[in-house]
Every structure is written in C-alpha cells, then in structure tokens.
Amino acid sequence: TQPVRIAPSILSADFARLGDEVRAIEAAGADLVHVDVMDNHYVPNLTIGPLVCAAIRPHVTIPLDVHLMVEPVDALIPLFVQAGARIITFHPEASRHVDRTLAMIRQLGCKAGLALNPATPLSVLDHVMDKLDMVLLMSVNPGFGGQQFIPATLPKLAAARARIDAHVAGGGQDIWLQVDGGVNADNIGAIRTAGADTFVAGSAVFGAPDNDGGYRAILQRLRA
Ligand code: DX5
Ligand code: ZN
C-alpha cells in the first residue's frame with residue numbers, strides 16, 4: 001500500500017505568525033508544508049513569493065512543497081529553489097514548454113510536479129511521465145482556500161493512479177499523487193481509496209481550534 005503524506009496549506013494559516021504556524025504543524029505531525037503561490041494573473045488572488053518562503057524555511061525541517069499558480073513560471077523557479085523549496089509544482093497552461101520547465105526544476109535539485117485543474121485532462125501527462133515526481137490533481141478551481149471538493153475528482157484520481165501504477169510496473173520511477181482543495185476528515189477516506197497518497201489541507205487544518213493540541217488532533221484524524 002501507498003504511504004500517506006499530509007501537506008497543510010499555509011494559505012489558511014495566520015500570516016502574522018507564519019513561523020509559529022509552520023513549527024506547530026511540523027510538531028503536530030505534518031509531512032510537508034504546502035506553499036500556495038498566487039500571482040493575480042493565472043489565478044485571481046495574490047499571496048506570497050520567494051521572500052516569505054525563505055523566511056519560513058529555517059523554522060521547519062520538513063520539505064517545502066511549493067505550488068506555483070503563476071504565469072509565466074520559468075523565471076520564478078530559480079528564486080523558489082534559492083528560497084528553500086524541495087518540491088515545485090506548476091500548471092501546464094502556465095508554461096509554453098512544459099517538458100523544459102519540468103526538466104529545469106529537476107536540474108535545480110527539486111522534485112518536479114505538474115498540477116491539473118478540474119477541467120484539465122490527464123492527457124497532459126502523456127509524454128512527460130518520466131520527468132515527473134508528482135502529479136497534483138486540483139479538486140477545486142485554484143485561487144482560494146475553503147472551497148468545496150469537486151466529486152468528479154474521484155474517478156480522475158483513480159485514472160491517474162492507474163497511469164502511475166502502469167508507469168511503475170513498466171520500470172518507471174515512482175510518482176506521488178497529490179490532491180488539493182476541499183480535503184477534510186469526512187472525504188479523505190474516499191480520496192485515499194481513489195488512489196491519492198499526498199493530501200493538501202488548508203482550512204481543515206488551520207481551522208482547527210488551537211495551535212498545538214488542535215493541529216495534532218486534526219492531523220491524526222486526517223491520517224486515520
Ligand atoms: C487552492 C490552493 C489550495 C488551498 C487548499 O488554490 O491550491 O492549496 O489552499 O485549501 P482548502 O484545503 O481550504 O481547500
Ligand atoms: Zn495548493
């Protein structure tokens with residue numbers, strides 16, 4: 001069976017206390033810190049850049065999982081590598097040359113991920129499977145935390161899982177399957193059954209009551 005990785009999204013954290021927030025989720029058992037980068041161009045929201053990424057880096061030992069919702073992407077990649085990202089994911093619509101962008105991320109020493117919007121078909125993966133470390137399926141339209149999980153993501157996850165398993169069976173490298181948007185303790189079981197191994201959760205985690213016991217409890221519930 002696949003491992004389970006939980007990646008709290010700091011989009012829903014207290015931005016005035018980000019250092020404390022990321023330390024708290026690591027102490028509570030998070031596997032990754034999911035960093036949502038939005039540019040008010042590819043998505044209608046504006047969040048954080050490499051400076052904030054670099055500022056939180058020393059507060060945790062778990063990897064920074066940087067989700068770029070920006071267009072164009074290429075020029076920002078080295079800046080996020082410099083800022084301490086370990087995983088960099090982008091949307092294929094936001095790069096003229098997806099194969100080249102994937103290769104660039106790996107060349108700079110990070111894991112490379114491709115993020116598919118709810119209406120983006122899995123066929124964008126067709127010719128780049130060997131260049132991927134992670135596939136991110138969006139289960140909401142990107143731009144905001146706190147949205148409702150789109151149920152059509154479940155069969156899409158199952159189809160993505162089958163592609164990845166076939167790739168691995170054919171001698172290919174492992175590829176993480178991440179789901180992002182509207183994940184909570186009520187639907188995570190079905191999402192897991194559909195084949196995801198890496199779970200982003202923003203409002204479900206940071207909406208929890210307090211900063212230590214509360215985060216630990218919700219992370220344990222999600223993992224269970
Ligand atoms: C949406 C972001 C998600 C979001 C998830 O554009 O990519 O990572 O923060 O937040 P929740 O878990 O609240 O849907
Ligand atoms: Zn995200």
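Here is a short chat about how some words get applied to this predicted model.

User: What are the ground rules for the numbering and the model?
Analyst: Residues count from 1 along each chain as its sequence is written, while chains are lettered from A and ligands numbered from 1 in the order in which they are written. This is a predicted model, where local features need pLDDT of at least 70, side-chain atom pairs count only at pLDDT 80 or more, and totals for chains, interfaces and linings use all residues.

User: Why is the protein called as compact as a globular protein of its length?
Analyst: The globule rule is 2.2 Å times the number of residues to the power 0.38, and the radius of gyration is taken over C-alpha atoms. For 224 residues the rule gives 17 Å and the protein has 16 Å, which is close, so the label fits.

User: What makes a residue buried, and what share of the protein counts?
Analyst: Buried takes 20 or more other C-beta atoms within 10 Å of its own, with C-beta atoms placed from the backbone; exposed is 12 or fewer, and partly exposed is in between. Of the 224 residues, 43% pass as buried.

User: What makes a set of residues a nonpolar core?
Analyst: Its members are buried Ala, Val, Leu, Ile, Met, Phe, Trp, Tyr and Cys, joined through C-beta atoms within 7 Å. The largest core here has 71 residues, and Leu114 and Val135 are among those touching the most other members.

User: How do you know that Leu114 is in contact with Val135?
Analyst: Contact means C-beta atoms, placed from the backbone, within 7 Å. Leaving aside neighbours within four places in sequence, the contacts of Leu114 include Val135, Phe90 and Leu102.

Key:
Two residues are in contact if their C-beta atoms, placed from the backbone, lie within 7 Å.
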